[in-house]
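Take a moment to look over the chain from one end to the other before reading on. The paragraphs below are meant to be read with the picture beside them.

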Amino acid sequence: AVPAKRCLGRQGFQGGNEGYKTVGVDLVEEAATCAIAASKLEARDLAGIVLVSTTGLATPSLDARLANRIPFASDIVRMPLWGLGCAGGVAGLSRGAELARMRQGPVLSIAFERCTLSFDVQKPISGPGGSTDSQAIITGSHLREDRRAAR
């Protein structure tokens, strides 16, 4: 979503969360536009939107921001789901199916996660192999070194 250098240079959750909101709405819009085009429907034909995310906070929510960019029907039902972690995608599909039955129309379900944007590199953690090197954990450089050592 953003260059690794940006993640390494920022401080705290607030900086990462700003990236989540900015990059997030762009990526969610791209996913929504592609899904709508593939469905052969128009945005105004959708009965609802379910947007699942856990790795950032946005008020207004990303689905509300999306509604300002895509010409959905004025009565579209938006359902932001937050905090479900790894189970969020399945929960989003389930809520989307329920909403589609209730509204008797198609529903767009999107799961959006960008964990690295919310990762605070200023706090020491134990990464793969016990590493506390934040740059190695984010960029995966430890994986390249492990592969070389295995050869």
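What follows goes from the core to one buried residue and then to some loops.

This is a predicted model, in which local features need pLDDT of at least 70 and side-chain atom pairs count only at pLDDT 80 or more, while totals for chains, interfaces and linings use all residues. Residues are numbered from 1 along each chain as its sequence is written, and side-chain values use heavy atoms, with hydrogens and water left out.

The largest nonpolar core (buried Ala, Val, Leu, Ile, Met, Phe, Trp, Tyr and Cys residues joined through side-chain atoms within 4.5 Å) has 18 residues, and Val 28 and Ile 70 are among those with the most contacts inside it. Helix 2 (12-39), strand 1 (48-53), helix 3 (62-67) and strand 3 (107-111) each give two or more residues to this core, and helix 2 gives the largest share, five residues. Helices (H or I, at least four residues) and strands (E, at least two) are DSSP runs, numbered from the N terminus.

Ser 53 lies in strand 1 and counts as buried because its relative accessibility is 3%, where buried means under 20% relative accessible area, exposed over 50% and partly exposed in between (1.4 Å probe, protein chains only). The side chain of Ser 53 reaches the backbone oxygen of Phe 112 at 2.6 Å.

Most residues other than glycine have a negative phi, and most peptide bonds are trans. Lys 40, in the loop between helix 2 and strand 1, has a positive phi near 65°, and a cis peptide bond joins Thr 59 and Pro 60, with omega about 0°.

Definitions and conventions:
A polar contact is a pair of N or O atoms within 3.5 Å; within protein, one must be able to donate a hydrogen and the other to accept it, and residues adjacent in sequence count only if both atoms are side-chain atoms.
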